[in-house]
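Colleague: I'd like a close look at one part of this model, so please take your time with it. I'll put my request right under the structure.

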Amino acid sequence: MTELDSNSPIPLHIQLKNELQELIDNRSFNEKIPSERELMDTYKVSRSTVREAVSHLVNEGVLKKVHGKGTFISKKPIEEWLGNITSTTEVIKKMGMKPDAKLLDNGIVVPAKEIVEASGLTEAYFIKRIRYANDKPLALESQYYPIEIGKSLAQYDIEKGTLYDLLEQSLNLKFAEAEQIITSTYLSKEEADLLGVPCSLSVLHIERLLSDINGNLIEYYSAYFRSDMYSFRIKLSKNSS
């Protein structure tokens, strides 16, 4: 806890707002912040100072008030900026959350017809994982690799490891470009149970082909992301010509 400075030119309610924001970012609170009285006693400030600080955070969407229950931390969806090749682990970390993974399956497979048509892989090394953010199921990822790449990758920690880091740093593969399609779909009951969501929830389906600098396929990626926890953002500019 940082002690507020009554002699500072920064108003007390702004100091308190910044302090609460830092505690929220560091996950020091579990779902809700302390009551007004607890904040008044902890920081030795007036009720009006606490209310102003909290109101700022409510207006910014960081907190939400629930009548009769308290002030809760808003669920912040994980945002991925489109336009760069980034791993799920990196995206989750940038949002200030803890990434994790659970390996469900891996090995050599004959991919489904639609995957063969999309990737050209008649045989592939397959890795399937559940991805977590702050211990909550976020996505089901299925990754298909040319067999030699997959076998080399499997020598490392493919359960907890960041696969893109392993591909680049351990296998020395050079990413050049990726083509990605995002659609909306629904999960099977088995898939929905793995993500802890109802079958009625529409999810984001991401398909991606990742190639090296010579145009060779490195990975075919197919994943289902919870739409209540994940979103994509892109910056557009007007063509001046």
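By class, how many nonpolar, polar and charged residues does the lining of the second largest cavity have? Once that is settled, please walk me through the surroundings too.

Modeller: Sure, and keep in mind that this is a predicted model. By class, the lining of the second largest cavity comes to six nonpolar, four polar and two charged residues. The space inside that cavity is about 60 Å³. Its lining is made up of E80, T86, S87, T88, V91, Q180, I206, R208, Y221, F225, Y230 and F232. Two or more of these residues come from each of α4, β8 (203-212), β9 (217-225) and β10 (230-233).

Now for the other cavity. The count of cavities of 30 Å³ or more is two, and the largest cavity has a volume of about 90 Å³. It is lined by 13 residues, and S87, T88, R131, Q143 and Y164 are the closest to its centre. You'll recognise S87 and T88, since both also line the second largest cavity. At least two lining residues of the largest cavity are supplied by each of α4 (88-94), β5 (124-133), β6 (136-145) and α7 (163-170). So α4 turns up for the largest cavity and for the second largest cavity as well. By class, the largest cavity has three nonpolar, six polar and four charged residues in its lining.

There is also an open site to consider. The second largest pocket holds about 210 Å³ of space. Of the 13 residues lining that pocket, S142, Y144, E191, S222 and Y224 lie nearest its centre. The elements giving two or more residues to the pocket lining are α5 (113-119), β5, β6, β8 and β9. Sorted by class, the lining of this pocket has six nonpolar, three polar and four charged residues.

Several of those strands belong to one sheet. This is an open sheet of six strands with antiparallel pairing, in the order β4-β5-β6-β9-β8-β7. At the edges stand β4 (99-109) and β7 (175-185), each with a single partner strand, so one side of each has no neighbour in the sheet. From one strand to the next, the twist averages 15°. As a general point, the side chains of a regular strand alternate between the two faces of the sheet.

Let's go through the β4 end strand by strand. β4 and β5 run antiparallel and are joined by ten bridges. In that pairing, I108 stands opposite Y125 in β5. On to the next pair: β5 and β6 are antiparallel over nine bridges. F126 has Y144 in β6 as its bridge partner, and Y144 is also among the residues nearest the centre of the second largest pocket. Another bridge links A133 to K136 in β6. The hairpin of β5 and β6 has two residues between the strands, and in it N134 takes a positive phi near 50°. As for burial, nine of the ten residues of β5 are buried, that is, under 20% relative accessible area, so β5 is largely enclosed by the rest of the structure.

Past β10, in the segment after that strand, you'll find K235. This residue counts as exposed because its relative accessibility is 69%. K235 also sits 8.2 Å from L82, C-alpha to C-alpha, although the two are 153 residues apart in sequence.

Zooming out, the chain splits into domain 1 (12-73) and domain 2 (76-232). Taken over C-alpha atoms, the centres of domain 1 and domain 2 are separated by 37 Å. For a spot at the other end of the numbering, try R37 in helix α2 (residues 36-43). With 43% relative accessibility, R37 counts as partly exposed. The C-alpha atoms of R37 and V50 are 8.9 Å apart, with the two residues 13 apart along the chain.

Terms used:
Residues are numbered from 1 along each chain as its sequence is written. This is a predicted model: local features need pLDDT of at least 70, side-chain atom pairs count only at pLDDT 80 or more; totals for chains, interfaces and linings use all residues. Side-chain values use heavy atoms; hydrogens and water are left out. Domain bounds come from an automatic or database domain assignment. On a 1 Å grid over the protein atoms alone, a cavity is a set of points where a 1.4 Å probe fits but cannot get out, and a pocket is an open set with protein on both sides within 12 Å along at least five of seven lines; lining residues have an atom within 4 Å of a point. Grid points are joined across faces, edges and corners, and a volume is the space filled by probe spheres set on the points. Helices (H or I, at least four residues) and strands (E, at least two) are DSSP runs, numbered from the N terminus. Ala, Val, Leu, Ile, Met, Phe, Trp, Tyr, Cys and Pro count as nonpolar, Asp, Glu, Lys and Arg as charged, and the others, Gly among them, as polar. Two strands pair if DSSP finds at least two bridges between them. Axes are lines fitted to C-alpha atoms, for helices over the stretch in contact, and angles run from 0 to 180 degrees between N-to-C directions. Buried means under 20% relative accessible area, exposed over 50%, partly exposed in between (1.4 Å probe, protein chains only).
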